[in-house]
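Please open the structure in your viewer and keep the selection tool at hand. This tour proposes what to select at each stop and describes what is found there.

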Amino acid sequence: MAEQGYSSWAYSLVDSSQVSTFLISILLIVYGSFRSLNMDCENQDKDKDGNPSTTGSFNNNNTNNSIQTIDSTQALFLPIGASVSLLVMFFFFDSVQVVFTICTAVLATIAFAFLLLPMCQYLTRPCSPQNKISFGCCGRFTLAELLSFSLSVMLVLIWVLTGHWLLMDALAMGLCVAMIAFVRLPSLKVSCLLLSGLLIYDVFWVFFSAYIFNSNVMVKVATQPAENPIDVLSRKLHLGPGMGRDVPRLSLPGKLVFPSSTGSHFSMLGIGDIVMPGLLLCFVLRYDNYKKQATGEVPGPGNMSGRMQRVSYFHCTLIGYFVGLLTATVASRIHRAAQPALLYLVPFTLLPLLTMAYLKGDLRRMWSEPFHAKSSSSRFLEV
């Protein structure tokens, strides 16, 4: 009987919902990190050529202005701002849900268009490689940019009409990739400040908020569906009981959800548990590329083995993320309750990274030195 219970518990860890969560979260982090690195390389090439272009907003030199670098002050106050936003959603959700839904839909549209852009560029390259269409004060856009934005708008509209979880996941994926690609951590010090603060934030709102607010604030906000804007609009305009009343309530794309093979439950992972460790992975990938450009090879102390020297910071941190995600999943199965994933992800990513940086002699440089990477013809670091 005990063996049967253990087998059932072990099977739940390799259920399709858990496997999907693991694979998708890791793929999003890797893809977002390489999109970020590719954007840096494109901007360096344009600066080197001295010929910046004036194309649309998704793939031009103006992306430099869209990139946000988090400094130490912002890293310290971001968990406080996130806590305030969480409380606003907890106490005033009924009042702000429509506005929040519309803002989320707009951001998801732009982010998913960014996600689709490489595919659209590949599809339209034989038809229109360089032609740009002018939209007056809005700028000039390539056919690929227009196609990606149109597909993104169409997907958001279908999601609003159907509320399907798969479309919500697609929008959440776009948000993850866009945030990892457009937000930068400049140093290991800022990374430690941000992730440590968010760990405390996650632990408090999952484990201790119920003692103060008589409810798990994090879980309630994450799982609470919002009213459909179409339904609200039909009521405001008095369009009748049959107009817009059959649209479902919307589960907002602030998380990834995957159904189990039996359909009995969903596995859920917040996009913050992907984006925040993803920013660290993006940082170490850029640092690996920076070192490769500066020195050609990654040096290390003479007593280190060649195999240790060949292991990149990106590989080390990505393995730590996988182990941390696995530990969080096991903990949720053992305690049969929601777990603050960052409680496991932050130590399993930061500690191996700090240890390897110390062993390789890079800790002081990574801790405080900003990036001044040289231009390189190679767009990607081989991993």
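**First stop: the aromatic rings**

The structure, which is a predicted model, holds 12 aromatic pairs. Begin by selecting F204 and W205, whose rings form one aromatic pair. The ring centres are 4.9 Å apart and the planes stand at 80° to each other, an edge-to-face arrangement.

Are these two residues buried or exposed? F204 has a relative accessibility of 29% and therefore counts as partly exposed. W205 has a relative accessibility of 5%, so W205 counts as buried; the cut-off for this class is under 20%.

Now extend the selection to F90, F91, F92 and F213. Together with F204 and W205, these residues are linked into a cluster by ring pairs.

**Second stop: helix 5 and helix 6**

Next, select residues 93–124, which make up helix 5, and residues 143–162, which make up helix 6. The two helices pack at an angle of about 135°, and their axes are 7 Å apart. Helix 5 and helix 6 are therefore oblique to each other, since angles over 145 degrees would count as roughly antiparallel. The crossing of helix 5 past helix 6 is right-handed.

Which residues in helix 5 and helix 6 meet? On the helix 5 side, display A105, A108, T109, F112, A113, L116, L117, C120, Q121 and T124. On the helix 6 side, display L143, A144, E145, L147, S148, F149, L151, S152, V153, L155, V156 and W159. Colouring this contact by residue class shows 16 nonpolar, 5 polar and 1 charged residues.

Conventions. Residues are numbered from 1 along each chain as its sequence is written. This is a predicted model: local features need pLDDT of at least 70, side-chain atom pairs count only at pLDDT 80 or more; totals for chains, interfaces and linings use all residues. Side-chain values use heavy atoms; hydrogens and water are left out. Axes are lines fitted to C-alpha atoms, for helices over the stretch in contact, and angles run from 0 to 180 degrees between N-to-C directions. Helices (H or I, at least four residues) and strands (E, at least two) are DSSP runs, numbered from the N terminus. Angles under 35 degrees count as roughly parallel, over 145 as roughly antiparallel, 65 to 115 as roughly perpendicular and the rest as oblique. A crossing is left-handed if the near helix is turned anticlockwise from the far one by less than a right angle, and right-handed if clockwise. Contact means heavy atoms within 4.5 Å. Ala, Val, Leu, Ile, Met, Phe, Trp, Tyr, Cys and Pro count as nonpolar, Asp, Glu, Lys and Arg as charged, and the others, Gly among them, as polar. Rings of Phe, Tyr and Trp (its six-membered ring) pair if their centres lie within 6.5 Å; planes under 30 degrees apart count as stacked, over 60 as edge-to-face and the rest as tilted. Buried means under 20% relative accessible area, exposed over 50%, partly exposed in between (1.4 Å probe, protein chains only).
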